[in-house]
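Reader: I would like to go through this structure step by step, with the reasoning set out for each reply. Could we begin once the sequence and the coordinates are in view?

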Amino acid sequence: MITGHFGLAAGVKSKAPQVPLWALMFATVWLDIIFVPLFLAAIETLSAAPGVPPGYGGAIIHADYTHSLIGALILSALLGWLASIPWGRFSGMVIGLVSFSHWLLDLIVHRPDLPILPRNLFGLQRLGFGLWRFPAASAVVELAILLAGAWLYWRAALRVTGERRRGRNLATLSAALISVFGIIILTLDITGIGG
Amino acid sequence: MQFIIGMLLFVVVLGIVDSRLPWPSPKGDRN
């Protein structure tokens, strides 16, 4: 799931308008950003789910640090704290929560591959409700989150611009970009184009 | 890798467009 994360960030902007959208977008994929260098270092890995063709929703993600429950809480708290330095406590809290929302959305779609503790210490039950077993349903959920988020963002943007025509056009452009880019990312994710 | 670059580009472009809207300042809630 990528598009759904961005959609959620756009929706949050409507409730926390003082937090920059780019920061919310960054926060929503923060766990994946940390995942990339660990993946390149082969510390965290991906493998195909047994009996499933590779592609959208077909992966088991061995991200035992970044995507463990405690790891996600720690990374989110760290990002929230960093954001609170320039922007204050409220914005920091919003950034931290948006970052942790990544884990919650992943919990819905992942097969049970999300550990509770880093490195899956003590071998506790891994978590994941497995919506990815139904790729079409998962894609529809992602699209719904994206469009709901873009719509909430658009309404909030129109509110802050008031009656100024240029501002309203900019608000519409920005919401349209969220929708179009989100749909492009979802399409690339589903088709596997772009690696 | 292209996918990651594309996403970063997405965030940058969106951030630029969004920053031109008159949102309240992020520094407004400093405490």
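Reader: How many residues does helix 6 of chain A have, and what length does it reach from its first C-alpha to its last?
Author: The model is a predicted one, and the values here are computed from it. Helix 6 of chain A has 27 residues, for which 39 Å is expected at 1.5 Å a residue. The computed reach from the first C-alpha to the last is close to that expectation, at 39 Å.

Reader: Which helices of chain A do the buried residues of helix 6 pack against?
Author: A residue counts as buried when 20 or more other C-beta atoms lie within 10 Å of its own, and in helix 6 of chain A the residues that meet this include Ile145(A), Leu146(A), Tyr153(A) and also Glu142(A). The helix is followed by Gly162(A), whose phi is positive, near 65°. The partners of the buried residues of helix 6 of chain A are helix 1 (3–15), helix 5 and helix 7 of chain A.

Reader: Why can helix 1 of chain A be described as largely enclosed by the rest of the structure?
Author: Helix 1 of chain A has 13 residues and reaches 19 Å from its first C-alpha to its last, close to the 18 Å expected at 1.5 Å a residue. Its buried residues, among them His5(A), Phe6(A), Leu8(A) and Lys13(A), pack against helix 2, helix 5, helix 6 and helix 7 of chain A. Helix 1 of chain A is largely enclosed because the buried residues number 11 of the 13.

Reader: At what angle do helix 1 and helix 2 of chain A pack, and how far apart are their axes?
Author: In this contact His5(A), Phe6(A), Leu8(A), Ala9(A), Val12(A) and Lys13(A) of helix 1 meet Leu21(A), Leu24(A), Met25(A), Ala27(A) and Thr28(A) of helix 2 of chain A. The residues involved divide into 8 nonpolar, 2 polar and 1 charged, and helix 1 of chain A passes helix 2 of chain A in a right-handed crossing. The packing angle is about 145°, with the axes 9 Å apart.

Reader: Which helices of chain A do the buried residues of helix 3 pack against?
Author: The buried residues of helix 3 of chain A are Trp30(A), Leu31(A), Asp32(A) and Ile34(A). Just after this helix, Ala42(A) takes a positive phi of about 60°. The buried residues of helix 3 of chain A pack against helix 2, helix 4 (69–87) and helix 5 of chain A.

Reader: Is Leu40(A) buried or exposed?
Author: Leu40(A) is placed in helix 3 (residues 30–40) of chain A, and its C-alpha is 31 Å from that of Val19(A), a residue 21 positions away in sequence. A residue with 12 or fewer C-beta neighbours within 10 Å is classed as exposed. Leu40(A) has 10 such neighbours inside 10 Å, so its class is exposed.

Reader: What is the phi of Arg119(A), and where does that residue lie?
Author: Most residues other than glycine have a negative phi. Arg119(A), which is not a glycine, has a positive phi, and it is exposed, with 10 other C-beta atoms within 10 Å. Arg119(A) lies in the loop between helix 5 and helix 6 of chain A, and its phi is about 65°.

Reader: Is Phe122(A) buried or exposed?
Author: Phe122(A) also has its place in the loop between helix 5 and helix 6 of chain A, and its phi is positive, near 65°, in a residue other than glycine. With 8 other C-beta atoms within 10 Å, Phe122(A) is exposed.

Reader: Which helix of chain A gives the most to the side that touches chain B?
Author: In the contact between the chains, 29 residues of chain A meet 26 residues of chain B. Helix 2 (21–28), helix 5 (89–109), helix 6 (135–161) and helix 7 (165–191) of chain A each supply at least two residues of this side, whose residues divide into 20 nonpolar, 8 polar and 1 charged. With 10 residues, the element that gives the most is helix 7 of chain A.

Reader: What mean pLDDT does chain B have, and what ipTM does the predictor give the complex?
Author: Chain B holds 1 helix and 0 strands, and buried residues make up 16% of its 31 residues. Of the residues of chain B, 81% reach a pLDDT of 70 or more, and the mean is 81. For the complex the predictor gives a pTM of 0.93 and an ipTM of 0.85.

Conventions:
Residues are numbered from 1 along each chain as its sequence is written. Chains are lettered from A and ligands numbered from 1 in the order in which they are written. This is a predicted model: local features need pLDDT of at least 70, side-chain atom pairs count only at pLDDT 80 or more; totals for chains, interfaces and linings use all residues. Two residues are in contact if their C-beta atoms, placed from the backbone, lie within 7 Å. Helices (H or I, at least four residues) and strands (E, at least two) are DSSP runs, numbered from the N terminus. Ala, Val, Leu, Ile, Met, Phe, Trp, Tyr, Cys and Pro count as nonpolar, Asp, Glu, Lys and Arg as charged, and the others, Gly among them, as polar. pLDDT is the predictor's confidence in each residue, from 0 to 100. The expected span of a helix is 1.5 Å times one less than its number of residues. Axes are lines fitted to C-alpha atoms, for helices over the stretch in contact, and angles run from 0 to 180 degrees between N-to-C directions. A crossing is left-handed if the near helix is turned anticlockwise from the far one by less than a right angle, and right-handed if clockwise.
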